[in-house]
Amino acid sequence: MTDFKQSRVGARIGFSVSMDGLRLGLVKMLLDILDVFSVSRHSRYFNQTRAHHLYKRVRLIALLLAVLQTAWVFVDQLLLPASVQNSIAIGRVVSSGALLLLLAWYKHPYSLGCALLRLALLILILSGFQTYSNAVLFSAGYEHSVAGYQFFPFMIVAMQAIFPLTVVEVIAVTAAVMLIEVLTQTLSGHFGGVSELNALWLLGVLAVIAGWASINQLGMLLGLYRQATRDALTGLANRRQVMEHLEGDVLLCQDEGRPISILMMDLDKFKSFNDNHGHAAGDIVLKQFAKILRKQVQPKARDRKGNLAGRFGGEEFLIILPGQGAERAVEVAEQICAACHLSPVRIPSGEQVGFTTSIGVATLLPDETPSDLLRRADEALYAAKSSGRDRHVLSGEERDNDATGYEYEPAEKVPV
Ligand SMILES: Nc1nc2c(ncn2[C@@H]2O[C@H](COP(=O)(O)OP(=O)(O)OP(=O)(O)O)[C@@H](O)[C@H]2O)c(=O)[nH]1
């Protein structure tokens, strides 16, 4: 009887565990779909990485097609009726020239807008040649199947598979190619015919397969990018990404004449916390602290756009606030210290324990480098530690700490 009861309880627990697993699986699937649906969940830095991929591939394809387009003139001599050979050869040379111009456009390789424009131009050049050659063939009384020219839209749709694209972008490319095909069929007077409908159907099937490959490629690129740039424990940006952001943001803010501030944070007495409560409890604190930082940099307000929180190493974290001066940075530091006081964690022993952090704040000075800025934030952090911890210090005011007015009165703490 007891065994029976236990097995029923066990079955119920198993059921609830599998329901949780199912729910988690569904949420993960939804997030995976949202990740590849549009660019809305992509970071500025991932957009730059993808833009560079697109840039390299569009240029490579443009070069290959420019060579092939011209070389195909000789094949046309063998396959096409003599009356249209010259006109189509002109079309080939013009489109090759346009492809070479696209290849020569080397500016803004990291701009996603420019990368998508390049891709649109590539498709436009190929579709333009397709429409032109069809018009030449039809006006001379030939079908576009005369030398395999009906193959063109299929090639353009299949080409999508080479690029990492979002669902929205795949739909846009497919819709454009299908529209051109429908127009071509209408102009030839064959729209609605069995072989034309068959061509549209095949084009659609090929678009789904090529689009799938393209979206998968984007998903893989995003996954690899996140693995390479995120800290596994906290999910924040890792040191490498923090440094890349900082260097890029400092240059950008200097160019635009905007301020930029950073906060360097270090959990207080974390070694003794680990020694007293265990490494697993320490990990829980690190995750909780990461949650507090993530909240601070969420781009809810316009002025938070581009803010980044990262784990700099061990129990050291960094926040970058592009466009923000010392006043706002100090405000953020105050909010983080206060949030730590209000966020005790439950550790594996069942105890609730609190934690605090010390913060060094620095705002970029004219002509400073990212390493100068980091060094000053580190010095300010050291000053915060040596003047008692659980507080923030603004760089430049370390020696006059009592007079800054920025010192924090520790709130009532949950016993550690
Ligand atoms: N649980 C856990 N501990 C970590 C991790 N990374 C680093 N630590 C610990 O963080 C502690 C860092 O301690 P210290 O740099 O000596 O400084 P502290 O004890 O925090 O003292 P102050 O910084 O002076 O307040 C070490 O005990 C590390 O083992 C981690 O991923 N998980």
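Biologist: Which residue in β3 stands opposite R311?

Modeller: This is a predicted model, where local features need pLDDT of at least 70 and side-chain atom pairs pLDDT 80 or more, while totals for chains, interfaces and linings use all residues. Residues are numbered from 1 along each chain as its sequence is written, and side-chain values use heavy atoms, leaving out hydrogens and water. Strands here are DSSP runs (E, at least two residues), as are helices (H or I, at least four), numbered from the N terminus. Opposite R311, in β3, stands F317.

Biologist: How many bridges join β2 to β3?

Modeller: β3 covers residues 316-322, and β2 and β3 run antiparallel. Strands pair if DSSP finds at least two bridges between them. Here, the number of bridges is 5.

Biologist: Which strands stand at the edges of the sheet?

Modeller: Read the open sheet across and you get β2-β3-β1-β6-β7, with mixed pairing. An edge strand has a single partner, so one side of it is left without a neighbour in the sheet. That describes β2 (308-313) and β7 (392-394).

Biologist: How do α2 and α3 run, roughly parallel or roughly antiparallel?

Modeller: The axes of α2 (residues 44-79) and α3 (residues 82-104) come within 8 Å and cross at roughly 165 degrees. Axes are lines fitted to C-alpha atoms over the stretch in contact (heavy atoms within 4.5 Å), with angles from 0 to 180 degrees between N-to-C directions. Under 35 degrees counts as roughly parallel, over 145 as roughly antiparallel, 65 to 115 as roughly perpendicular and the rest as oblique. α2 and α3 are therefore roughly antiparallel.
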